[in-house]
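Thank you all for making the time this morning. I would like to walk you slowly through one structure, beginning with its strands and then moving out to the helices and loops.

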Amino acid sequence: MEMNKILVGFDGSPSSKKALEHAKSLSAKLNSSVTVLTVVRLPDFSSSMDEVSEVMDEAEKRIVPMHKEIAESAQKEGIKLQTLIIHGHPVEKIIDYAQENGFDLIVIGTRGVGGFKKLVIGSVAQKVVSYSKVPVMVVKE
Ligand SMILES: Nc1ncnc2c1ncn2[C@@H]1O[C@H](COP(=O)(O)OP(=O)(O)OP(=O)(O)O)[C@@H](O)[C@H]1O
Ligand SMILES: [Mg+2]
């Protein structure tokens with residue numbers, strides 16, 4: 001089995017950080033490249049384009065520094081890694097991006113930044129597992 005390209009769904013949560021660590025150690029063993037994808041969800045009911053771009057700017061302000069740190073430490077560790085921000089629905093974008101770009105594996109965490117504590121697995125993780133044709137690894141907290 002080839003494991004050239006690994007996609008990590010990263011929302012900044014502790015669970016997604018653990019997923020990233022897993023993906024990195026896999027890549028170190030299998031010499032895969034890692035793509036760290038953060039999907040920024042747009043508001044469903046926005047009154048104006050200004051509001052939409054405000055949400056995007058706000059999100060990017062928080063995500064870009066995290067991505068930068070991830071990319072820098074990967075570089076030091078000699079791991080091939082790139083980061084990416086896409087706007088849209090997380091489930092849809094993670095699944096489509098993985099399939100359209102020939103990824104061998106998607107790595108995600110069980111929990112994210114949102115979510116009810118009583119749920120064992122978040123809705124994004126659940127749906128990615130259910131609908132992705134690309135194999136999915138779900139890393140437990
Ligand atoms: N916006 C996102 N972009 C990229 N990956 C994501 C995003 N949201 C979630 N993920 C991935 O999915 C995993 C599970 O998160 P999920 O969103 O399912 O849980 P939750 O936030 O606790 O619950 P919910 O979103 O259903 O309220 C995360 O650890 C991360 O790997
Ligand atoms: Mg979530």
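**A walk through the sheet and its helices**

Let me start with strand β2, where 6 of the 8 residues are buried, so this strand is largely enclosed by the rest of the structure. Before I go further, please keep in mind that what you are looking at is a predicted model.

On one side, β2 is joined to β1 by 5 bridges, with the two strands running parallel, and within that pairing leucine 7 stands opposite threonine 35 of β2. To get from β1 to β2 the chain passes through helix α1, and this β-α-β crossover is right-handed. β2 is also joined to β3, here by 7 bridges and again with the strands parallel, and in this pairing valine 34 faces leucine 81 of β3. β2, α2 and β3 likewise make up a β-α-β unit that is right-handed.

In what order do the 5 strands of the open sheet lie? Reading across, the order is β3-β2-β1-β4-β5, and the pairing is parallel. The edges are formed by β3, residues 81-87, and β5, residues 136-139, each of which pairs on one side only. From one strand to the next, the twist averages 25°. We have already met β1 beside β2, and I should add that β1, residues 5-9, is joined by 3 bridges to β4, residues 105-109, in a parallel arrangement, where valine 8 stands opposite valine 107 of β4.

Now to the helices, taking α1 to begin with. Helix α1, residues 14-30, lies across β1, β2, β4 and β5, and runs at about 145° to β4. Its 17 residues, at 1.5 Å a residue, should span 24 Å, and the end C-alpha atoms are indeed 24 Å apart, which agrees. Which residues of α1 are buried? They are Ser15, Ser16, Ala19, Leu20, Ala23, Lys24 and Ser27, and the buried residues of this helix pack against β1, β2, α2, β4 and β5. As you look at the spacing of that list, it may help to recall that an α-helix has 3.6 residues a turn, so residues three or four places apart point the same way.

Just after α1 comes asparagine 31, which takes a positive phi of about 60°. I point this out because most residues other than glycine have a negative phi. Asparagine 31 sits in the loop between α1 and β2, and it counts as exposed because it has 11 C-beta neighbours inside 10 Å, where the cut-off for exposed is 12 or fewer.

Helix α2, residues 49-77, has 29 residues that should span 42 Å at 1.5 Å a residue, and since its end C-alpha atoms are 41 Å apart, the two figures agree. There is nevertheless a kink of about 25° in α2, and that kink is centred on glutamate 60. How many of the 29 residues of α2 are buried? The count is 1, so to speak of α2 as hardly covered is fair. After α2 comes glycine 78, with a positive phi near 70°.

Let me finish with two residues further along the chain. Leucine 119 is found in the loop between β4 and α4, the helix of residues 123-131, and it counts as exposed because there are 12 C-beta neighbours inside 10 Å. Between the C-alpha atoms of leucine 119 and isoleucine 70, which are 49 residues apart along the chain, the separation is 28 Å. Glutamine 126, by contrast, has its place in helix α4 itself, and with 15 C-beta neighbours inside 10 Å it counts as partly exposed. From glutamine 126 to glutamine 75, 51 residues away in sequence, the distance in space is 31 Å, C-alpha to C-alpha.

Note on methods
Residues numbered from 1 in each chain as written. Chains lettered and ligands numbered in written order. Predicted model: local features only at pLDDT ≥ 70, side-chain atom pairs only at ≥ 80, totals over all residues. Pairing = 2+ DSSP bridges. Helix = DSSP H or I, 4+ residues; strand = E, 2+ residues; numbered from the N terminus. Axes fitted to C-alpha atoms, helices over the stretch in contact; angles between N-to-C directions. Contact = placed C-beta atoms within 7 Å. Expected span 1.5 Å × (residues − 1). Bend = angle between axes of the 7 residues up to and from the residue. Buried ≥ 20, exposed ≤ 12 C-beta atoms within 10 Å, placed from the backbone. Right-handed = clockwise from strand over helix to strand, strands pointing away.
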